[in-house]
Amino acid sequence: MYVNSTEVLCSSEEVKTTLSSSAFMPLLMRKVEQVLPMQIDVSKTFKNTSSKVLDFLVDSMFEFVDQSLLPSQSNFGPVDELGGEVVITSSIRGKIPDDFPEGVYIRNGPNPLFGGLKSTKSIFGRSSHIWIEGEGMLHALYFSKDVSDGSWTVRYNNRHVETETFKLEKQRNKPSFLPAIGGDSPAILSAYLLNLLRFGKVNKYLSNTNVFEHSGKFYSIAENHIPQEIDIITLETLGNWDVSGAWNRPFTSHPKRAPGTWELVILGIDAVKPFIEIGVVSADGKELIHKVDLNLDRCSLCHELGVTQSYNVIMDFPLTLDINRLVNGGPLVKYNQEGYARIGVMPRFGDASSIHWFKVEPNCTFHIINSFEDGDEVVVWGCKALDSVIPGPDMSLNQFGWLPRRFKPADPSKENNDDISAEDGKLFSHAYEWRLNMNTGKVMERYLTGKEFSMDFPMINGAFAGVKNRYGYSQVVDSIASSTLGMLKYGGLARLHFEEPADVSLK
């Protein structure tokens, strides 16, 4: 076909026929493999490819469809921006302690534009968002105390994190990025290529997972991009933080401050080599003082890293992101229950050759409670599961059947029951300990609080990150509700007493 800047001399049907031909898909796959490892020069690309033609191709070939939510998933639905603070006058239970400090509680989370997450249907098949996607929204509670009578006022506000891709789609006023994680392989590959050609990016920048502070500044982050600096009072997005231009790859959702030096240890994963790099940011946040490729042979979806007084801790578990697997018709993201699992311990400023790897039992651990040195051992506490909730079911098909089985609570009284399956409870995570002996290479593993309670999203007093602590806090899963609804439902908070074996206090 011939194309100039003002006219497209082909019909929609001709385009569809060309793109669905047997010769096109291998060409597309080769093109994706060529394009992914390189930085896309958007201006150069658009000199050679008409943006109007690309928009025409997408509009004519792809249909955006809402990913419906079950009643039990209503908390995944988006909310509107308020446009300013509101005073909370009801729905407050309990009492704010007199010695509670004034300040701001802030968090972020997915809040999709245009009514919710989308799937697409096309000649290539389906592509869909997975449940953790959606544009990030900041939610803030402001606590202020009247000095005259000691009464408290609580105000709430929310606002989207205005990433580059958020502003782009808001300006277009319609879904524009094709979903590029879940679904059929040809559809995902098509989305990769078309998103790259149209926007210079494979996917949207989400900024929906965590808010952290470093050197007096606050950042919103999701690990598919670099952080955005935010103003926690106005909730304004101030811009991207790339550490003075030195960090040009994804950035972990859970960076850790090194004990004693207050340097920030970061990690970035990518679908192409180098799969994982670790960096150390100066205490003032102005300089990247160390950056190293870990030379891994797979892209493990390492959601969090640990630190101790002297070491960085890397979780290399068999939840992987694999472009070659996608090109060969498999899923982009997959947990391999037969894959190897290991934990790496490296000196703070070490390189790949300095990592001491410890083989551990296969598992999927997203969140670390804490890590610290104890004599010759490095101790890692985390929330361990035997399967992964990511990517989860295909939400475009409402296929939630596999979830209730894996959320089914174990019942020891029914050991001989035919209804028992090896899949039961695999998605439940439990507080777990790995003790890694740096001298002998031996590993000791154990459950910290038994398996009665499932928990995740742990927190500790940040002053004890990287050193031994007595207490931790975690959300506790309501196993009955989770099994019934096929989704993780949390029903309480736990205070963990690490110096008292198998002790957990529920609130």
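Let's start with Asn-363: is this residue buried or exposed? In this predicted model, Asn-363 has a relative accessibility of 0%, and because the cut-off for buried is under 20%, Asn-363 counts as buried.

Where along the chain do we find Asn-363? Look at the loop between strand E22, residues 356–360, and strand E23, residues 364–374. From there, the Asn-363 side chain makes a polar contact with the side chain of Thr-365, at 2.6 Å. If we set aside the neighbours within four places in sequence, Asn-363 also touches Phe-317, Pro-318, Tyr-335, Ala-341, Lys-384, Ala-385 and Trp-434.

Keep Trp-434 in mind for the next part. The largest nonpolar core has 61 residues, and Trp-434 is among those with the most contacts inside it. The others in that group are Ile-276, Ile-278, Leu-294, Met-315, Ile-343 and Val-380. Which helix gives the most to this core? That would be helix H6, residues 185–199, with six residues. There is also a second, separate core, this one of 13 residues, and it includes Trp-381, Cys-383, Ala-431 and Met-455.

Since Cys-383 has come up, let's talk about cysteines. How many disulfides does a search of the whole structure find? Zero. Take Cys-302 as an example: the nearest cysteine sulfur belongs to Cys-299 and is 9.6 Å away, while a disulfide needs the two sulfurs within 2.5 Å, so Cys-302 is in none. Cys-302 is buried, at 3% relative accessible area, and Cys-383 is buried too, at 2%.

Now let's step back to the whole protein. You can pick out nine helices and 30 strands. Of the 507 residues, 49% are buried. Take the contacts between residues at least 6 apart in sequence: 61% of them join residues at least 24 apart. The accessible surface comes to about 24100 Å², and carbon and sulfur atoms account for 51% of that.

Last, a word on confidence. The average pLDDT is 85, and 82% of the residues score at least 70. Which stretch at the start of the chain has pLDDT below 50? It is residues 1–39, and the model gives this stretch 46 contacts beyond near neighbours in sequence. Residues 396–400 also stay under 50, with twelve contacts beyond four places in sequence. When you turn the structure around on your screen, try finding Asn-363 in its loop between E22 and E23, and then go on to Trp-434, one of its contacts.

Terms used: Residues are numbered from 1 along each chain as its sequence is written. This is a predicted model: local features need pLDDT of at least 70, side-chain atom pairs count only at pLDDT 80 or more; totals for chains, interfaces and linings use all residues. Side-chain values use heavy atoms; hydrogens and water are left out. A nonpolar core is a set of buried Ala, Val, Leu, Ile, Met, Phe, Trp, Tyr and Cys residues joined through side-chain atoms within 4.5 Å. Buried means under 20% relative accessible area, exposed over 50%, partly exposed in between (1.4 Å probe, protein chains only). Helices (H or I, at least four residues) and strands (E, at least two) are DSSP runs, numbered from the N terminus. A polar contact is a pair of N or O atoms within 3.5 Å; within protein, one must be able to donate a hydrogen and the other to accept it, and residues adjacent in sequence count only if both atoms are side-chain atoms. Contact means heavy atoms within 4.5 Å. Accessible areas come from the Shrake-Rupley method with a 1.4 Å probe; for residues, only the protein chains shown count as cover. pLDDT is the predictor's confidence in each residue, from 0 to 100.
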